[in-house]
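Hi,

Here is the structure I said I would pass on to you. Have a look at it first, and then read my notes underneath.

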Amino acid sequence: QVQLVESGGGSVQAGGSLRLSCVASQPMEYSINDMGWYRQAPGKQRELVAVSDRFGYNKRYGDSAKGRFTISMDTVKNTVYLQMNNLNPGDTAVYYCYAQASYQRKFDVWGQGTQVTVSS
């Protein structure tokens, strides 16, 4: 089974920064294709924050993340990072690590989520 373990969430004041990390572990026969982050605020749908291929070549950002958040990959450590700068209260949400893995077929994997709270 593929497992994702997140860290780095917490509380910060508006204008501050946080860095999220997510480590993937999987059996040798499994491979990770993409990794990234989604978020879900209370009463809202889960939305894309940023996703990258495992080598960090192709990256996609949600509109709310463009210009403020940066996704990066460490393929040796099987880890994805999300550097979040200039946070505002609208960024308050549970942030979920995401991976697209494959073993005979492609499938999605989700982390347990980490809370990010931004106060004004």
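Below is what turned up when I went through the side chains, starting with the disulfide. Keep in mind that this is a predicted model.

**Disulfide**

A search of the whole structure gives 1 disulfide. The partners are C22 and C97, with 2.0 Å between their sulfur atoms. The torsion about the S-S bond is about -90 degrees, so you can call this disulfide left-handed. C22 belongs to strand β3 (residues 18–25) and C97 to strand β9 (residues 93–102), so the bond ties together parts that are 75 residues apart in sequence. Are the two cysteines buried or exposed? C22 has 0% relative accessibility, so it counts as buried. C97 is buried as well, also at 0%.

**Core**

The largest nonpolar core comes to 31 residues, and M35, W37, L82, M84 and Y95 have the most contacts inside it. As general background, nonpolar side chains tend to be buried together in soluble globular proteins. Which strands feed this core? At least two residues each come from β3, β4, β5 (47–53), β7, β8, β9, β10 (106–110) and β11 (114–119). Strand β9 gives the largest share, with 5 residues.

M35 is a handy place to start clicking around. If you skip its neighbours within four places in sequence, its contacts include both cysteines of the disulfide, C22 and C97. Also among them are L4, V51, I71, M73, V80 and Y98.

**Aromatics**

There are 6 aromatic pairs in the structure. In one of them, the ring centres of Y38 and Y98 are 5.5 Å apart and the planes sit at 70 degrees; planes over 60 degrees apart count as edge-to-face, so that is what this pair is. Y38 is in strand β4 (residues 31–40) and Y98 in strand β9, so to speak a link between distant parts of the chain, 60 residues apart. Both rings are buried: Y38 has 18% relative accessibility, and Y98 has 9%.

F55 and Y57 make another pair, with centres 5.9 Å apart and planes at 25 degrees, so this one is stacked. Y57 is exposed, with a relative accessibility of 68%. F55 has a charged partner too: the charged end of R54 is placed over its ring, 4.8 Å from the centre. A similar arrangement to look at is R19, which lies over the face of Y81 at 4.0 Å from the ring centre. Finally, Y30, Y103 and F107 belong to one aromatic cluster.

**Salt bridges**

How many salt bridges are there? The count is 4. Here are three that I looked at:

- E47 and R39 meet at 2.6 Å, N to O. E47 is partly exposed at 33% relative accessibility, whereas R39 is buried at 6%.
- K66 and D63 meet at 3.2 Å, N to O. Both K66 and D63 are exposed.
- D91 and R68 have their closest N and O atoms 2.7 Å apart. The pair links distant parts of the chain, 23 residues apart, with D91 in the loop between β8 (79–84) and β9, and R68 in the loop between β6 (59–61) and β7 (69–74). Both D91 and R68 are buried.

R39, E47, R68 and D91 also join up in a network of salt bridges.

**One more residue**

Last on my list is D53, which sits in strand β5. Is D53 buried or exposed? Its relative accessibility is 12%, and the cut-off for buried is under 20%, so D53 counts as buried. Leaving out neighbours within four places in sequence, D53 is in contact with N33, D34, N58 and M73. M73 is also on the contact list of M35. The C-alpha atoms of D53 and S72 are 9.6 Å apart, with their positions 19 residues apart along the chain.

Cheers

Note on methods
Residues numbered from 1 in each chain as written. Predicted model: local features only at pLDDT ≥ 70, side-chain atom pairs only at ≥ 80, totals over all residues. Heavy atoms only, no water. Disulfide = S-S within 2.5 Å. Helix = DSSP H or I, 4+ residues; strand = E, 2+ residues; numbered from the N terminus. Buried < 20%, exposed > 50% of the residue type's maximum accessible area, 1.4 Å probe, protein only. Phe/Tyr/Trp six-rings, centres within 6.5 Å; stacked < 30°, edge-to-face > 60°. Lys NZ or Arg CZ within 6 Å of the ring centre and 35° of its normal. Salt bridge = Lys/Arg side-chain N within 4 Å of Asp/Glu carboxyl O. Core = buried A, V, L, I, M, F, W, Y, C linked by side-chain atoms within 4.5 Å. Contact = heavy atoms within 4.5 Å.
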